[in-house]
Amino acid sequence: MARAAIVLGAFGFAGVNLLAYGHARTMTHFEKSGFRTGAPESLTIAQKLKVLAGGVTLPKPRNDITPLERDMPFDTWTIPVEPSVSLEAWRIRVPDSKGTVVLFHGYADRKTSTLAEAGGFRSEGWEPVLVDLRGSGGSSGETTSIGFHEARDVEAAVRFARSQSPGGPLVVWGASMGAAAALRAVGALHVEVDGLILEAPFATLRSAVVNRFRSLGLPPWGLADLLVFWGGRQQGFDGFGHNPVEYAHSVHAPTLLMLGSQDDRVLMPEGQAIFDALAGEKQFEVFEGLGHQSLVRGGRGQWTRAVQAFLASVSAARMEQRRARSPND
């Protein structure tokens, strides 16, 4: 009897790990075709059970329009990162720009999704550079590491953008996974930027997975930890060590952190923990009534005011630095 219980327990443990391994793979590998699984809150009970059994379907995100269709002339850049990874980016041309803003999209998304934000930065006289992170849009690859390896994409894109516009201030904007990648790039890889604008970065990879389980109406116990473990193993890093809240301790660049008050993917205490950890000048902007979504689309007036003031402070700081370096000018 005891032997049977041990055997059943071993089979059960193996089965749960196999299920978690499969889920981790579907969440980090893009398919060549197929229909994307809908947002958890939009699924029926039957659809949620199907996802629980077989995982999500994530076709590789594709860019369906270009900036030119929004009356924004642009250039296409190819940015090398590693021998097997190169990024596609769009530089929207702004004559006599005040500086550069490099934009990074969220999980399972692509640079087209940041066109609204790019238009906002362009209106302020800043030149937007929209980047497809690895695996997405026009960039190479078919996998995502939820912001860990993407930090090297941020590093390469910032370096390339600086080479194209030397001397001017450079700000990085990121949403969700893109914001987490930006925090890792600046905090752990020591990428130098003049400012960070972060929308809804998750505090830890585990919290991001737990919140996704809760949005499905499923208890996160056990399986969430296995997903983090196997996802990290598949992508070559420690999933439990991928914690933007820890990267924030080493971020000294001025930072504007923005979060919707009803965000169910990044809860308010998580946003507050990241804000508290940031080591430099910082501002926390809460958008009442908004969830995990484009904040400029949901709250354009508030977004514009916050971004406008932040960019002005970055420009002023850069001018002060120049005066300090050239006291006789």
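Biologist: Which residue does R110 meet in a salt bridge?
Modeller: A note first: this is a predicted model, where local features need pLDDT of at least 70 and side-chain atom pairs pLDDT 80 or more, while totals for chains, interfaces and linings use all residues. Residues are numbered from 1 along each chain as its sequence is written, and side-chain values use heavy atoms, without hydrogens and water. A salt bridge puts a side-chain nitrogen of Lys or Arg within 4 Å of a carboxyl oxygen of Asp or Glu. At 3.0 Å, N to O, the partner of R110 is D109.

Biologist: How many residues apart in sequence are the parts that R134 and D153 tie together?
Modeller: Their closest N and O atoms are 2.8 Å apart, in a salt bridge. R134 sits in the loop between strand 4 (127-131) and helix 4 (150-164), and D153 in helix 4 (DSSP runs: helices H or I, at least four residues; strands E, at least two; numbered from the N terminus). So the parts they tie together are separated in sequence by 19 residues.

Biologist: Is D194, the partner of R318, buried or exposed?
Modeller: Buried means under 20% relative accessible area, exposed over 50%, and partly exposed in between (1.4 Å probe, protein chains only). R318, at 11%, is buried. With a relative accessibility of 16%, D194 counts as buried.

Biologist: Which helix gives the most to the largest nonpolar core?
Modeller: That core has 65 residues, meaning buried Ala, Val, Leu, Ile, Met, Phe, Trp, Tyr and Cys joined through side-chain atoms within 4.5 Å. Among the members touching the most others are V102, F104 and L196. With eight residues, the top contributor is helix 5.
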